[in-house]
Amino acid sequence: MKKLPHYEKFTLQKEIRESIDEVLDEIEQYEITKTVSHLYTADRAKRWLLRKIRLAYDLKYSAINEDVLFYCASTLSVIGALIGGLIKTEKEKKEAARAGK
């Protein structure tokens, strides 16, 4: 991977930014529509984002040192827990609605 052209680094950096935007966009769409599928998409985008950050770390990109990697991983864990909590709440609402009918 280290022998890849310089533009590969730029592309990975761009993909990391786009993944951050995708997570935020999907959460925003959930807030607007209350459609749970947006939460699942946000969770998937969060996992892809972490993979890309790990790849940047493994390739020894100067902007991603061990401290940055651990900060990103812990922050994404919190975001994942919040998304998981929202999904759980929506499932409970759906089950309660079914039981009430």
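Me: How are helices and strands assigned here, and which pattern does the protein follow along the sequence?
Reply: Helices (H or I, at least four residues) and strands (E, at least two) are DSSP runs, numbered from the N terminus. This is a predicted model, in which local features need pLDDT of at least 70 and side-chain atom pairs count only at pLDDT 80 or more, while totals for chains, interfaces and linings use all residues. Residues are numbered from 1 along each chain as its sequence is written, and side-chain values use heavy atoms, with hydrogens and water left out. The protein has three helices and zero strands, and the pattern read along the sequence is α-α-α.

Me: What is the radius of gyration of the protein, and what does the globule rule give for 101 residues?
Reply: The radius is taken over C-alpha atoms, and the globule rule is 2.2 Å times the number of residues to the power 0.38. The rule gives 13 Å for 101 residues, and the protein is well over that value, so it is more spread out than a compact globule. Along its principal axes the C-alpha trace spans about 60 × 25 × 20 Å. The radius of gyration is 17 Å, against 13 Å from the rule.

Me: What percentage of the 101 residues count as buried?
Reply: Buried means under 20% relative accessible area, exposed over 50%, and partly exposed in between (1.4 Å probe, protein chains only). Of the 101 residues of the protein, the buried share is 27%.

Me: Which helix gives the largest share of the largest nonpolar core?
Reply: A nonpolar core is a set of buried Ala, Val, Leu, Ile, Met, Phe, Trp, Tyr and Cys residues joined through side-chain atoms within 4.5 Å. The largest one has 12 residues in all, including L12, I16, L49, L50, C72 and L76. Two or more residues come from each of α1 (6-33), α2 (37-58) and α3. The largest share, four residues, is given by α2.

Me: Which residues does L49 contact, leaving aside its neighbours within four places in sequence?
Reply: Contact means heavy atoms within 4.5 Å. L49 belongs to the largest nonpolar core. With those neighbours set aside, its contacts are I16, S19, I20 and L76.

Me: Is E90 buried or exposed, and which residues does E90 contact beyond its neighbours within four places in sequence?
Reply: E90 lies in helix α3 (residues 66-100). Its relative accessible area is 14%, so E90 is buried. Leaving aside neighbours within four places in sequence, E90 is in contact with Y30 and V36.
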